[in-house]
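Here is a friendly walk through how one protein chain packs its helices. Have the viewer open as you read.

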Amino acid sequence: MGSSAALPVALDLRRAAPSRTLTGDLRAVELVTGCEAFMGSHLRGLLARLGEKDSSTGDTRDASRCVPSRSARSSGFAPARLRALAVGGLLHDVGKLSVPDAILKKPGKLEDDEFAVIRRHPELGHELVGRVAAYPDAVRTLVRDHHERLDGSGYPRGLERDEIGLDTRILAVCDVFDALVSERIYRDAWTVDRALALLRTESGSSFDPDCVEALARVAARSGEAPGELPAAA
């Protein structure tokens, strides 16, 4: 899922500035544990259901790859902001619980009316998260807006460049990258190089160029697909 690379990219984007240790020298496992505790048992249950419904999403174990492998450090991204990005990444596709299996698991091309159902999952997730937990707006915004694009071609709101925050831009890039390099019922997984090439082709139009290049640096340092990306230090 998109969260598997989002925090390494967020940290990479801030490398040039003086580093500030997260409160309490928070380590990767502590941040993940904190995110899971913050979600509460209800939402953890929903993510487990999503993992059963769609194996490409909803696995909270991916959170261990979202955060720095040693002491988590950030300049510009405060601890609360990193936690919101992690939780938003974990929950971003929870709205797919409302999508019928016949559409979500369809092996062929979706019809227009079927794709319209898929396009509702960000708003459905936004509503669901709001009903079951008192999350900060930053988390719910990530859930709702992760399919928005800089040129206004995204959904569900058709936001444009100035209306999309950096955290959402990061998650959008990582979500597409993770989707492309993961096997789907309707296609084989892409190579990392092919996925990066597509993102670069749409860099500046659909995707934030800085976020794309930060992801490319994270991938280059690891030499692996995002599902296996070691967290950035």
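The text below goes from the nonpolar cores to one helix pair.

This is a predicted model, in which local features need pLDDT of at least 70 and side-chain atom pairs count only at pLDDT 80 or more, while totals for chains, interfaces and linings use all residues. Residues are numbered from 1 along each chain as its sequence is written, and side-chain values use heavy atoms, with hydrogens and water left out.

The largest nonpolar core (buried Ala, Val, Leu, Ile, Met, Phe, Trp, Tyr and Cys joined through side-chain atoms within 4.5 Å) has 30 residues. Val9, Ile170 and Phe177 are among those with the most contacts inside it. A second, separate core of 16 residues includes Leu43 and Leu97.

Leu199 touches Val173, Phe207 and Leu215, among others, leaving aside neighbours within four places in sequence (contact: heavy atoms within 4.5 Å).

Buried means under 20% relative accessible area and exposed over 50%, with partly exposed in between (1.4 Å probe, protein chains only). Helices are DSSP runs (H or I, at least four residues), numbered from the N terminus.

| Helix | Buried residues |
|---|---|
| α7 (residues 137-145) | Val139, Leu142, Val143, Arg144, Asp145 |
| α9 | Ala195, Leu196, Leu199 |

The buried residues of α9 cover an arc of only 95° around the axis (taken from the directions from the helix axis to the C-beta atoms), which puts them on the same side of α9. On the other side, Asp193 and Thr201 are exposed.

The contact of α8 with α9 has nine nonpolar residues, no polar and no charged ones.

Technical notes:
Helices (H or I, at least four residues) and strands (E, at least two) are DSSP runs, numbered from the N terminus. Ala, Val, Leu, Ile, Met, Phe, Trp, Tyr, Cys and Pro count as nonpolar, Asp, Glu, Lys and Arg as charged, and the others, Gly among them, as polar.
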